[in-house]
Amino acid sequence: MLGSEIEAALEELRLIRELDPPANSRGRRKEHGLYLRRRGEDFIVTKKASELGPFASRRRVTLAARALAASTPEELDGLLRGGPLPRLRARLLHLAENLRYEEARLRDRIEALEHVVERLRRLERLRGLELCLIAPAVERNWQKAFFVCGGGVCGVRPLPPGAGARLEIEAGLALCRVARERAGEALTPEQAEDLLLVDGFIRRPPPELAVLPLDAGQITAHLMGRRFPRAA
């Protein structure tokens, strides 16, 4: 038994990775750790980590790589703002007006690139999160703190009632300082999965979840300022 929805969701994800049960493996993509990488004028799909990824669908990321081929340096610098999409959409309109057979192929590539750009935007936003999520623990009057920093869930600490919680908060913040030093590294597939999962709880937090900044004073004040519900 676990104390909160977010703890249960993260534990479920961990067990799926570890045990790979058949019921989950059928719906879970085996190649969810795919990246785009520049090679000359083209882009290739690879499992070697880069700043462009990770992605889950090989077909979609392959189509996006073809759409990115021959992009200008300016377009690539502005990839999160759409990159070559305006130019490609203008070409698509021209092909449609002239009833050219290339239209359907280009349309598929543009759609794939739109999905890739949207995912990169979301991951870029999530890797910049610096938050502490507080949820009930199973033990009476205990809480659990989930520290999000440096592109992932960098620490989970139990928070006992009383002065002992401050020591755990400081330990969690120390983990965040270490995580910040790795913030420029490419996201692993596991980090991306964790961030996407946590993002759902941040956007629509259940009643028992508190979303706080990485500030020891604010976290401590929150713990002292309310009576916590007992975990079911």
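Helices (H or I, at least four residues) and strands (E, at least two) are DSSP runs, numbered from the N terminus. With that in hand, the chain comes to nine helices and seven strands.

The model is predicted: local features need pLDDT of at least 70, side-chain atom pairs count only at pLDDT 80 or more, and totals for chains, interfaces and linings use all residues. Residues are numbered from 1 along each chain as its sequence is written, and side-chain values use heavy atoms, with hydrogens and water left out.

**Exercise 1. Describe the chain as a whole: its box, its buried share and its exposed area.**

Step 1. Along the principal axes, the C-alpha atoms fill a box of roughly 70 × 40 × 30 Å.

Step 2. Take buried as under 20% relative accessible area, exposed as over 50%, and partly exposed as in between (1.4 Å probe, protein chains only). Of the 232 residues in the chain, 44% are buried.

Step 3. Accessible areas come from the Shrake-Rupley method with a 1.4 Å probe; for residues, only the protein chains shown count as cover. The chain exposes about 13000 Å², and carbon and sulfur atoms supply 51% of this area.

**Exercise 2. Work out the strand order of the open sheet of four strands, then find what packs on the sheet.**

Step 1. Two strands pair if DSSP finds at least two bridges between them. The order is β6-β5-β4-β7, with antiparallel pairing.

Step 2. Look at the edges: β6 and β7 (210–213) each have a single partner strand, so one side of each is left without a neighbour in the sheet. From one strand to the next, the twist averages 25 degrees.

Step 3. Now add the helices, with contact meaning heavy atoms within 4.5 Å. Axes are lines fitted to C-alpha atoms, for helices over the stretch in contact, and angles run from 0 to 180 degrees between N-to-C directions. Helix α1 packs on the sheet and touches β4 (131–136) and β5, its direction making about 60 degrees with that of β5. Helix α8 (residues 189–203) also packs on the sheet, touching β4, β5 and β6, and its direction makes about 70 degrees with that of β4.

**Exercise 3. Trace the hairpin of β5 and β6.**

Step 1. Strands β5 (residues 143–148) and β6 (residues 153–159) run antiparallel and are joined by six bridges.

Step 2. Match some residues across the pair: glutamine 143 has leucine 159 of β6 as its bridge partner, and phenylalanine 146 stands opposite valine 156 in β6.

Step 3. Four residues lie between the strands of this hairpin, where glycine 150 takes a positive phi near 65 degrees.

**Exercise 4. Is leucine 92 buried or exposed, and what does leucine 92 touch?**

Step 1. Find leucine 92 in helix α5 (residues 85–97).

Step 2. The relative accessible area of leucine 92 is 12%, so this residue is buried.

Step 3. Leaving aside neighbours within four places in sequence, leucine 92 is in contact with Glu103, Leu106, Arg107 and Ile110.

Step 4. For a distance check, go to leucine 131, 39 residues apart from leucine 92 along the chain: their C-alpha atoms are separated by 42 Å.

**Exercise 5. Which residues of helix α3 are buried, and what follows the helix?**

Step 1. In α3 (residues 58–68), the buried residues are Val61, Leu63, Ala64, Ala65, Ala67 and Leu68.

Step 2. Just after α3, alanine 70 takes a positive phi of about 65 degrees.
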